[in-house]
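Visitor: Please take a close look at a single part of this structure, the meeting of two helices, and then at what surrounds it. Kindly explain each term as it arises.

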Amino acid sequence: MTMWMVVILAGIATFAMRFVFIALFKRIAVPPVLERGLRYVAPAVLAAITVPALVAPGHVWDPLNPFLPAALIGGVAAWRTKSIGAAIAVGLPALWIINWIA
Amino acid sequence: MATESGIAMRGGFKAVSPILLGVIPFGLIFGASAAASDVDQLAAWASSFVIFAGASQLAIVEVMGSGGAAVTALFTAIIINSRHLMYSADMGRYTTRESLGRRAGIGYLLTDQAYLVSSTRFPKPDTSKGVIPYYFGAALTLWTTWQIVTTAGFFLGSVIPDSWSLEFAIPLTFLALLIIAVRTKPALVAAIAGGIVAVGAIDLPYGIGLMAGAVAGIAAGMISERWLA
């Protein structure tokens, strides 16, 4: 029963957080300060997800882990091609090779 | 459906296809760990469409499965998912002409991948005509995949050998999106600040470091505009 309560309440809260501004900006204009800030949501969030995942996998500081060099190789592919698929197609085999050598 | 939006929708589908390589093993892992835990099985399975946010679903199963308090599980899930407030604000700029039903659908389907992939498409609100069908193409693909793979993980276990390291496709996806998103100098400042603060906060509970990094990054980007833009 409690598991159901947690799932349903988390579902309602998550939907509310996803929908609130989509609902609100239909009625009010986006404040200019917020509009400026929104430009940086994607780079800021993406760095806040990616950098810790690569230098501290599993929340433990470990800059010598095999993910980091593999990600650098995948990152070069992404930079040259602007393609997610290329980053994966290059980065994942790079990880396999690094794990195989190490 | 007008062909123009059909093409945009297919564009969204194509854009998320490579991302599924990381989403599939993550969904299998969620399903498998839910099935292996002590929690109400039907509720854990239902969380894939009731909540539809993988990291928070996994956190709930972990907290509840290890005998943690329901309030802790709920609070953790809300913290982890609070980043959606920012996605909602950005998406909200492009959805003002949509009906209530479609806006509710856009909100329900709002995930990291759907938002971040679509955000590569909308630098200018006036020229972003195809953004909404593009978003739906991406978001519905992710939703359908998530339902299938979490259910499969439930019954089959995680199936894919750990040694394939397919989950590594997730950070690679976000890294590629990061590289695509850094198009201006202030955006680079935002990314550097966001990354540094998030790493500094790795010891904080999951989700808080992400939000701290995001807020610091946005602030740094806005402040740096004065000198760099």
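Guide: The crossing of H1(A) and H7(B) is right-handed; a crossing is right-handed if the near helix is turned clockwise from the far one by less than a right angle, and left-handed if anticlockwise. This is a predicted model, in which local features need pLDDT of at least 70 and side-chain atom pairs count only at pLDDT 80 or more, while totals for chains, interfaces and linings use all residues. Residues are numbered from 1 along each chain as its sequence is written, and chains are lettered from A and ligands numbered from 1 in the order in which they are written.

H1 covers residues 2-27 of chain A and H7 covers residues 100-108 of chain B; their axes come within 8 Å and cross at roughly 135°. The helices (H or I, at least four residues) are DSSP runs, as are strands (E, at least two), numbered from the N terminus. Axes are lines fitted to C-alpha atoms, for helices over the stretch in contact, with angles from 0 to 180 degrees between N-to-C directions. The angle makes H1(A) oblique to H7(B): under 35 degrees counts as roughly parallel, over 145 as roughly antiparallel, 65 to 115 as roughly perpendicular, and the rest as oblique.

H1(A) brings Phe15(A), Arg18(A), Phe19(A), Ile22(A) and Ala23(A) to this contact, and H7(B) brings Arg103(B), Ala104(B), Ile106(B), Gly107(B) and Tyr108(B); two residues are in contact if their C-beta atoms, placed from the backbone, lie within 7 Å. Seven of these residues are nonpolar, one is polar and two are charged, where Ala, Val, Leu, Ile, Met, Phe, Trp, Tyr, Cys and Pro count as nonpolar, Asp, Glu, Lys and Arg as charged, and the others, Gly among them, as polar.

H1(A) also meets helix H5 (residues 70-81) of chain B, where the axes come within 9 Å and cross at roughly 25°. These two helices are therefore roughly parallel to each other, and their crossing is right-handed. The contact includes Met5(A), Leu9(A) and Ala13(A) of H1(A), with Leu74(B) and Ile78(B) among the residues of H5(B). The residues of this contact divide into 11 nonpolar, three polar and no charged.

Beyond these helix pairs, the contact of the two chains takes 62 residues from chain A and 74 residues from chain B. Helix H10 (residues 169-181) gives the most to the side of chain B, with 12 residues. That side holds 50 nonpolar, 19 polar and five charged residues.

The largest nonpolar core has 115 residues, and Ala44(A), Leu46(A), Ile60(B) and Leu178(B) have the most contacts inside it. Such a core is a set of buried Ala, Val, Leu, Ile, Met, Phe, Trp, Tyr and Cys residues joined through C-beta atoms within 7 Å. A residue is buried if 20 or more other C-beta atoms lie within 10 Å of its own, exposed if 12 or fewer, and partly exposed in between, with C-beta atoms placed from the backbone. Helix H3 (residues 41-55) of chain A gives the most to this core, with 12 residues. Among the residues that Leu178(B) touches are Pro43(A), Leu46(A), Ala47(A) and Thr50(A).

Helix H8 (residues 112-119) of chain B has eight of its eight residues buried, so H8(B) is largely enclosed by the rest of the structure. Its cover includes H3 of chain A and H10 of chain B.

Technical notes:
Lists of a residue's contacts leave out its neighbours within four places in sequence.
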